Structure formats: C-alpha cells, structure tokens
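Please walk through the following model with attention to how its parts are put together. The sequence and the structure come before the explanation.

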Amino acid sequence: MQQVSPTQDRTQDNIFADVLENYKEICYNIENAKAKYRKSEDIVRLMAVTKTVDPDKINYAASLGVKLLGENRVQEFLSKKDQYDKDAEVHFIGHLQTNKVKYIINDVTLIQSVDSMKLAGEINRQAAKNGKTADILIEINIGDEASKSGVAAQEVMTLAKEISQLENVRVKGLMAIPPIGSGEEVFEKMNGIFLRMREEKIERVSMDILSMGMSGDYELAIKHGSNLVRIGTKLFGARKYMEG
Ligand SMILES: *Cc1c(COP(=O)(O)O)cnc(C)c1O
C-alpha cells in the first residue's frame, strides 16, 4: 500500500480519491437500476449518511454533487454542522429522543425517523415555537424487529391520521430500514404500504418520499419504488466505530 508522506502535495482528489470512485460507481448503479426498473422521469435522490465521517470528507462528497446529508446522532451533528457546505441540505434519520428535538428543529429540513405520536407532538410543539412547519417521514419497522425503532406496519395508517391533526407537522412519506439480507418481499411490502397510503389521500399527508435502501440493498430498494437512498459505507468506506 502506498504511504502518503506529510510533505507530499495532498490535493483533495488525492485524499478522497476513494470517495470519488465510490460516488461514480453508486451513480452508475442507481442509473442502471432506474433504467431497468423505473419510469424515465422518476427521480431517485442520493443521500450521504455522515455518521463518524469527518466534515472535510463530507464536503468533498457535497462538492461532487451529493447535496443531501443524513444525520443519526444529535450530538455529533451539532458538533459538525457549522463546518458543512452551506448548500447542503440535512435530514435527521436516526432515533430521536423527544427532549432533543429542540436542538435540531431549525437545522434540518426533514425528520425521517418519526414513529410515535409522542415524538410527532414534540416536533409540532417545537415547530410552532419557531414559527414553522416541520416536514417528517414516518418510519416503519418493516422487518418487525424487536430491537428496531419504527411503527408496526399495521399501525402506520392510524399514526398518519393522528399526526395529520397536528398544525405544524406535515407527513411527506415513509422511511424504512429493512433487515440486512431481506428478501425482495420486504421491499415489495414497503412499497405496497406506501402506495396504499397514497391512495388513502389523508388530508395534509402526502406520500412523496419513500426513503429506503442503504449500501447493501439500494438497487433492490430502487426496484421497489424507493426515491431516496441513504448511503454511508459504500460512499465513505467503513465507519470509524460501531453505532451504539
Ligand atoms: C447508517 C445508516 C444508513 C447507511 O448505512 P450504510 O449501510 O453504511 O450505507 C442508512 N440509514 C440509516 C437510518 C442509518 O442509520
């Protein structure tokens, strides 16, 4: 392996050449999956999932065109956000405790991980306080995993109707983290729920965004209706530490 000495000229492209290569490959795969499975006018957004990644590396990805960032941890986000590319848009995608909503409400354009009326209620309260409307996604525990967050599939319709009563919150779609190694039926099921909820035409609830697909399964997710894929490892390489 080649060592980089401190005196060597280190342009960004040298340091982050792997990110550039990864980015090209992801874009190629997304385009391929779209060409194969989707209508030509369909748009699939690529989100860079930033947990444990240094801001300069994140900004390099942004400079390539990944203007959407996904944040998992409130603390980590707050410590990094001021260094981010000013054009970058940030979504919160991690488990969110109600007492932390106030720290992020003005810095994210969407909270993807809402799975209870309690959390939605607090987002509503903080949004009202700041004179805004907060866009959210409802997270579904599509694999029915005991350890995972997300509302049960059979309860999502009820939750969406409840949330629709909140003045300062708007449901924009659904998010899911299918269990690793999930078969196609899991992605199909998720897309089925998304389409059924769209048919339901709940007032003030729009089904615009289906956030599904990560490093290991984004092509499968695109095949089954995803229009926002959240990629960490495949873009930035292995994470520095495990998620807690
Ligand atoms: C970490 C994470 C991702 C990205 O996972 P990779 O497998 O590294 O691409 C996507 N979504 C959520 C909610 C995550 O926490």
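The paragraphs below go from the domains to their contact, and then to two asparagines.

This is a predicted model. Its protein chain is split into domain 1, covering 1–92 + 213–244, and domain 2, covering 105–202. Domain 1 is thus written as two stretches of sequence, and domain 2 as one. Between the C-alpha centres of the two domains the distance is 23 Å. To their contact, domain 1 brings 16 residues and domain 2 brings 15 residues.

The size of an interface is often expressed as the accessible area that is lost when the parts come together. Here the area buried between domain 1 and domain 2 is about 1400 Å², and 55% of that comes from carbon and sulfur atoms. On the side of domain 1, F92, H224 and R230 account for 40% of the area buried against domain 2, which is more than any other three residues supply.

Polar and charged pairs also link the domains. Two salt bridges are counted between domain 1 and domain 2. K81 and D107 form a salt bridge in which the closest N and O atoms are 3.5 Å apart. The count of residue pairs in polar contact between the two domains, with both residues at pLDDT 80 or more, is ten.

Which elements of domain 1 supply at least two residues each to the side that touches domain 2? They are β3 (89–92), α9 (218–223) and β8 (228–231). Of the elements on this side, β3 gives the most, with four residues. By residue class, the side of domain 1 that touches domain 2 consists of eight nonpolar, three polar and five charged residues.

The loop between α9 and β8 holds N227. With a relative accessible area of 18%, N227 falls under the 20% limit and is therefore buried. Its side chain reaches the backbone nitrogen of L210 at 2.8 Å. Not counting residues up to four places away in sequence, N227 touches L210 along with R38, I43, V44, R45, D208 and I209.

A second asparagine, N72, sits in the loop between β2 (68–71) and α4 (74–80). Is N72 buried or exposed? N72 has a relative accessible area of 19%, under the 20% limit, so N72 counts as buried. Once neighbours within four places in sequence are set aside, N72 is in contact with V49, K51, F92, I93, G94 and H95. N72 and I123, which are 51 residues apart in sequence, are 17 Å apart in space from C-alpha to C-alpha.

Technical notes: Residues are numbered from 1 along each chain as its sequence is written. This is a predicted model: local features need pLDDT of at least 70, side-chain atom pairs count only at pLDDT 80 or more; totals for chains, interfaces and linings use all residues. Side-chain values use heavy atoms; hydrogens and water are left out. Domain bounds come from an automatic or database domain assignment. Contact means heavy atoms within 4.5 Å. Buried area is the accessible area (1.4 Å probe) that two parts lose on being put together, summed over both. A salt bridge is a side-chain nitrogen of Lys or Arg within 4 Å of a carboxyl oxygen of Asp or Glu. A polar contact is a pair of N or O atoms within 3.5 Å; within protein, one must be able to donate a hydrogen and the other to accept it, and residues adjacent in sequence count only if both atoms are side-chain atoms. Ala, Val, Leu, Ile, Met, Phe, Trp, Tyr, Cys and Pro count as nonpolar, Asp, Glu, Lys and Arg as charged, and the others, Gly among them, as polar. Buried means under 20% relative accessible area, exposed over 50%, partly exposed in between (1.4 Å probe, protein chains only).
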